[in-house]
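Hi there,

Here is the model I promised to pass on. Have a look at it first, and my notes follow underneath.

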Number of protein chains: 2
Amino acid sequence: MFKIVPMTTAASPPEGRERADAARNRARVLAAAERLFSTADPRTITMDRIAKEAGVGRATLYRRYPDPASIAVALLDEHERLLQGQLLAGAPPLGPGAPPGERLAAFYEAMVELLDRHLPLALGAETGNARMKTGAYGFWRVHVRSLLVAAEVADPDALVDALLAPLAPEVFRYQREERGLSTVEIGAALSRLARRLLGG
Amino acid sequence: MFKIVPMTTAASPPEGRERADAARNRARVLAAAERLFSTADPRTITMDRIAKEAGVGRATLYRRYPDPASIAVALLDEHERLLQGQLLAGAPPLGPGAPPGERLAAFYEAMVELLDRHLPLALGAETGNARMKTGAYGFWRVHVRSLLVAAEVADPDALVDALLAPLAPEVFRYQREERGLSTVEIGAALSRLARRLLGG
DNA sequence: CGAGTAAGTGGACACTGTGTCCGCCTAGTA
DNA sequence: TACTAGGCGGACACAGTGTCCACTTACTCG
């Protein structure tokens with residue numbers, strides 16, 4: 001089901017054989033990062049803290065990841081891969097088959113649920129606003145753009161980023177925490193938006 | 001025309017009389033910041049650099065602004081105030097009188113133009129994703145929400161942040177620089193979105 | 001007009017996090 | 001068991017932060 005997705009993950013060994021101690025440390029680092037990101041404020045998480053938590057030296061971290069954000073991205077990629085598979089080859093309305101408006105609505109709902117489950121990680125991955133540079137963003141972009149094309153919307157290239165913007169982790173956090181909105185309300189509003197735009 | 005706007009600005013003296021040297025330094029600081037933000041990468045701008053550029057000590061900066069982002073916010077507020085006045089009491093379609101769809105479209109166009117002119121400042125103000133904490137964001141929010149209410153859209157509270165999300169400086173930057181879109185294209189796409197949603 | 005004073009100023013300090021370098025160690029191999 | 005390539009991590013130099021306090025200066029009042 002997932003072998004369609006060609007994306008490589010930073011959580012996997014870079015090439016060839018990996019020494020046993022390196023593998024052990026990689027696992028330790030990822031586990032430590034996941035733990036930290038889900039408990040502490042993402043902005044306070046430093047390479048130093050992750051290294052301490054993982055029980056490895058700081059240089060060991062730098063060997064693979066340039067900064068905390070890229071570790072969060074690696075972890076997030078794992079979780080996003082499932083949804084990517086469903087979009088490409090899953091059942092409608094998420095997968096192919098349903099009309100574009102329905103598919104976009106389903107995509108919104110799924111993304112909101114994903115954000116809800118991994119918000120701290122998503123916020124951590126956003127440090128320095130690098131969100132749009134990740135492979136995942138490119139994937140969502142291609143997907144939504146194809147829906148716009150299918151719905152024969154004018155100028156899909158200019159619209160696609162506007163439609164993805166509401167899914168920025170910081171926007172979701174704001175709606176949840178500052179505005180007191182529930183996940184369902186946010187998802188429902190985006191669903192309606194999708195259907196209104198592309199036709200239900 | 002602007003006295004309707006009740007917002008206070010961080011660029012103005014905090015209370016009562018201000019000493020002449022303090023005023024002089026305030027002006028120097030703001031001028032230096034404007035200069036720096038429009039030339040250098042916003043992320044590299046530190047309190048230290050601004051102080052050096054302004055020719056004042058660092059503690060003088062900290063007296064009024066806690067970080068570079070808040071200086072950018074103060075500067076940006078000045079520019080945004082004009083648009084705020086037009087929304088409240090200007091001529092249609094930006095000001096009152098036009099149907100909601102047209103007003104939202106005009107708002108989008110105006111905001112895109114504003115972003116285009118002050119992008120470096122807007123990016124600088126966004127550091128740490130503090131954009132939504134600014135008074136200006138609250139203003140846009142109230143405005144767009146009132147348009148949604150006027151158009152009798154369901155659940156305006158959940159939709160309003162989604163409609164403001166495409167105006168995030170980082171999104172605009174991405175569309176311009178990474179996607180090669182022009183300001184007109186971005187504005188036009190958002191206009192169409194507005195009319196489709198609220199009815200032209 | 002000159003002394004008093006409250007506000008403003010900026011150099012210095014201690015601290016935190018970064019990114020890199022290099023000597024040590026250990027897993028895998030012969 | 002000894003060799004070696006690669007992994008590891010402590011240490012270092014550096015940059016930026018936020019605060020403190022002694023000095024200076026603009027305004028005020030006798």
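Let me start at the DNA: α3(A) gives the largest share of the surface near DNA strand D, five residues. Helices here, like strands, are DSSP runs numbered from the N terminus (H or I over at least four residues for a helix, E over at least two for a strand), and "near" is used for a residue with a heavy atom within 4 Å of the molecule or strand.

Before the rest, some housekeeping. This is a predicted model, in which local features need pLDDT of at least 70 and side-chain atom pairs count only at pLDDT 80 or more, while totals for chains, interfaces and linings use all residues. Residues are numbered from 1 along each chain as its sequence is written, chains are lettered from A and ligands numbered from 1 in the order in which they are written, and side-chain values use heavy atoms, with hydrogens and water left out.

**DNA strand D**

There are 21 residues around strand D, and those that come nearest are A:Asn25, A:Ala59, A:Thr60, A:Arg63 and B:Arg58. Of the strand D atoms within 4 Å of the protein, 58% belong to sugar and phosphate. Both chains take part: α1 (20-39) and α3 (58-64) of chain A, plus α1 (20-39), α2 (47-54) and α3 (58-64) of chain B, each supply at least two residues of this surface. By residue class the surface near strand D has eight nonpolar, four polar and nine charged members. The classes are: Ala, Val, Leu, Ile, Met, Phe, Trp, Tyr, Cys and Pro nonpolar; Asp, Glu, Lys and Arg charged; the others, Gly among them, polar.

Some polar contacts are worth a look (a pair of N or O atoms within 3.5 Å; within protein, one must be able to donate a hydrogen and the other to accept it, and residues adjacent in sequence count only if both atoms are side-chain atoms). A polar side-chain atom of B:Arg58 is 2.4 Å from a base oxygen of strand D. Phosphate oxygens of that strand are approached by polar side-chain atoms of A:Thr60, at 2.8 Å, and of B:Tyr62, at 3.2 Å.

**DNA strand C**

Strand C also has 21 residues around it, with A:Arg58, B:Arg19, B:Asn25, B:Thr60 and B:Arg63 coming nearest. Sugar and phosphate make up 57% of its atoms within 4 Å of the protein. Here the largest share of the surface, five residues, is from α3(B). At phosphate oxygens of strand C you will find a side-chain N or O atom of B:Asn25 at 2.6 Å, a backbone N or O atom of B:Gly57 at 2.9 Å and a backbone N or O atom of A:Ala20 at 3.0 Å.

**How the two chains relate**

A turn of 180° with a shift of 0.0 Å along the axis lays chain A on chain B with an RMSD of 0.1 Å (least squares on the C-alpha atoms of residues with pLDDT of at least 70 in both). That is the relation of a two-fold axis. The same surface serves both copies, as 100% of the contact residues of chain A recur in chain B (contact means heavy atoms within 4.5 Å). A:Ala165 is the residue of chain A closest to the rotation axis, 2.6 Å away at its C-alpha.

**The fold of chain A**

Chain A has 10 helices and zero strands. Its C-alpha trace spans about 55 × 40 × 25 Å along the principal axes. Buried residues account for 53% of its 200 residues, where buried is under 20% relative accessible area, exposed is over 50% and partly exposed is in between (1.4 Å probe, protein chains only).

**Some local details**

The peptide bond between A:Pro92 and A:Pro93 is cis, with omega about 5°, and A:Pro93 sits in the loop between α4 (68-89) and α5 (100-117) of chain A. In chain B, B:Pro92 to B:Pro93 is likewise cis, omega near 5°.

Which residues does A:Arg192 contact, leaving aside its neighbours within four places in sequence? They are B:Ala154 and B:Asp155. A:Arg192 belongs to helix α10 (residues 183-198) of chain A and is partly exposed at 37% relative accessibility. Its partner B:Asp155 has a positive phi of about 50° although it is not a glycine, and lies in the loop between α6 and α7 of chain B.

Happy browsing!
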